Amino acid sequence: MNAAYLIIRSRSERGHSCPLPRLQPTGCARAEVPRTRITTALADKNVRAPFQKITVALSVSATLLVLSVSPLHAQSISIHTLAGNTSPGSTNGFGSNARFDHATAVTADPAGNVYVADTENGTLRKISPNGFASTLAGSPGVFGYFDGLGANARFYGPEGIVADSAGQIYVADCANGTIRKVTAAGVVRTFAGTPGSFNSFDGSGTSARFFHPEGLALDNAGSLYVCDSWNHTIRKISVAGDVTTLAGLAGYFGAADGTNSKARFNRPCGIVVDSATNIYVADCFNHTIRKITANGLVSTIAGLAGVWGSADGTNNTARLHLPQGLALSPSGELFFADSGNQTLRKASPSGTNWVVTTVCGLNGLAGSQNGTGSGASFSFPSGLAFDSAGNLYVADMANNMIRTTRVVPPTLQSSKTGNQIVLSWPSSSDGFILEQSASVAPGSSWSTATNGVATLGDNFVKTNTLAGTAFFRLRYP
């Protein structure tokens, strides 16, 4: 059941039956193409096995129809590549065929789409649930400032990003000094700030000023919080667009705890808000995690200001190194990208204390390896987000990748030459095994079909001779 199936039939075979093992079919889809008939079943999305998420994605490519089913196991944190490659670029595509250039932030909407601030490309990217990365707004490599639709819009170093419950995206357009708002259709407008005019003025909409804003977060009421990084302050924007300064004093960096303007920060860059409107801030150059209550009282919950390191521990006995992105898990644990340590860490509440542990990566070891715990590696991870299903996404900045705890069902594609079908799927789909069978009836025998699988560019490729009926699947063990 944990598989992507490719069903291939010769055109002369008229009868068909297309049940999938242990899934209840609700209908069949057919496609007639030269020399082949493709049939498959759609699965009932309400069927669930314990600890399993079923995702159905159909994609017609030349001669094949693809059904993908993805598992979500209850397990320790394992990291997979959702999209991107260590080589920078701006190409749209599936998995490792896509390209990013120093993507710094990530967010997810209620529909399961993932959005990426592709900073060095000056664009806003969208990754659909099936793993296809596209460009929603902006034009890669063309920097500037312009409100408009899709590729007509312009950004300059977008960094922070957050999606609201309606699927609208807010973007911290860092080098323009503005906060932008983007609809699901890619229409971009300015929500607050004036491009190229840097300052710290509070005010309404474009009368307010920012100085390289980086991190963004939303509360349940729709208010937006901004890490105004080079002002060393935390700003709040109401639903109506009124900007106020919640904590810190513009132009004065430091590490002091206190209320509102008595508190000090040193390049705050990551931010998240919990259901009680407590605000958590990655105070990057102080190497600490700060907490701000709804009325502006600032305290330090993890790390020791000015002292960097990698030690796990409680409160100020923990050591951090350039923390950046923050995200709250469904269980209330505070995950953060400890960028200078090349790790993902979490701070878990324990009474009035916070216990910091390392969950992924190995301190000081940069890399791009997928794996579990210390078997995974990152290169300056900078942005984190959870989706509504509890999957974690990571903007792995220097690797030009988006990483995830989600097992991403690969999309199989094909090309046809004569009587040969070439199957291909992204090489980022690690862990999936290609198998073949003469039937998908219950109890059918599946055999491994890895002989002849080669790596070509960013894809795994296998060439098959089309003769009779063949069923292929990619199975995640």
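Cysteine 284 is buried in this predicted model, with a relative accessibility of 2%. The residue takes part in no disulfide, although the sulfur of cysteine 269 is the nearest cysteine sulfur and lies 4.0 Å away. Since a disulfide requires two cysteine sulfur atoms within 2.5 Å, that separation does not qualify as a bond. Cysteine 227 is likewise unbonded, because its sulfur is 6.6 Å from the closest cysteine sulfur, again that of cysteine 269, and this is too far for a bond. Cysteine 227 is buried as well, at a relative accessible area of 0%. Across the whole structure, the search for disulfides returns zero.

Attention may now turn to a sheet. Five strands form an open sheet in the order β22-β26-β25-β24-β23, and their pairing is antiparallel. At the edges stand β22, residues 258-259, and β23, residues 268-273, each of which pairs on one side only. The partner of β22 is β26, which covers residues 297-302; two bridges join these strands in the antiparallel sense. Threonine 259 has leucine 297 of β26 as its bridge partner.

Strand β23 also appears in the lining of the largest pocket, as one of the elements that give two or more residues to it. This pocket holds about 1,200 Å³ of space. Its lining comprises 50 residues, and those closest to the centre are Thr107, Val162, Leu216, Val272 and Ala385. Besides β23, the elements giving two or more residues to the lining are β8, β13 (158-163), β18 (213-218), β28 (323-328) and β33 (381-386).

Strand β8 leads on to the nonpolar interior. In soluble globular proteins, nonpolar side chains tend to be buried together. The largest nonpolar core here has 15 residues, among which Leu82, Phe100, Val106, Val116, Ile127 and Ile402 touch the most other members. Two or more residues of this core come from each of β6 (78-84), β8 (103-108), β9 (114-118) and β34 (392-396). Leucine 82 illustrates how distant parts of the sequence meet: beyond its neighbours within four places, it contacts Gly95, Val114, Ile127, Gly131, Tyr393, Ile402, Arg403, Thr404, Arg406 and Val408.

Enclosed space is found as well. The structure contains four cavities of 30 Å³ or more, and the largest of them holds about 140 Å³. Of the 17 residues that line this largest cavity, Thr81, Val408, Pro410, Ser428 and Ser429 lie nearest its centre. Strand β6 supplies the largest share of the lining, namely three residues. Val408 therefore belongs to two descriptions, as a contact of leucine 82 and as a residue near the centre of the largest cavity.

Two buried polar residues complete the account. Aspartate 173 lies in strand β14, residues 169-173, and counts as buried because its relative accessibility is 0%, below the 20% limit. When residues up to four places away in sequence are set aside, aspartate 173 touches Tyr145, Arg154, Phe155, Tyr156, Gly157, Pro158, Thr178 and Arg180. Serine 437 belongs to strand β38, residues 433-437, and is buried with a relative accessible area of 8%. Its contacts, on the same exclusion of sequence neighbours, are Ser444, Ser445, Trp446, Ala470 and Phe471. The C-alpha atoms of serine 437 and serine 447 are 6.5 Å apart, while the two residues are ten apart in sequence.

Terms used: Residues numbered from 1 in each chain as written. Predicted model: local features only at pLDDT ≥ 70, side-chain atom pairs only at ≥ 80, totals over all residues. Heavy atoms only, no water. Core = buried A, V, L, I, M, F, W, Y, C linked by side-chain atoms within 4.5 Å. Buried < 20%, exposed > 50% of the residue type's maximum accessible area, 1.4 Å probe, protein only. Helix = DSSP H or I, 4+ residues; strand = E, 2+ residues; numbered from the N terminus. Contact = heavy atoms within 4.5 Å. Pairing = 2+ DSSP bridges. 1 Å grid on protein atoms, 1.4 Å probe; cavity = no way out; pocket = protein on both sides within 12 Å on 5 of 7 lines; lining within 4 Å. Points joined across faces, edges and corners; volume = space filled by probe spheres on them.
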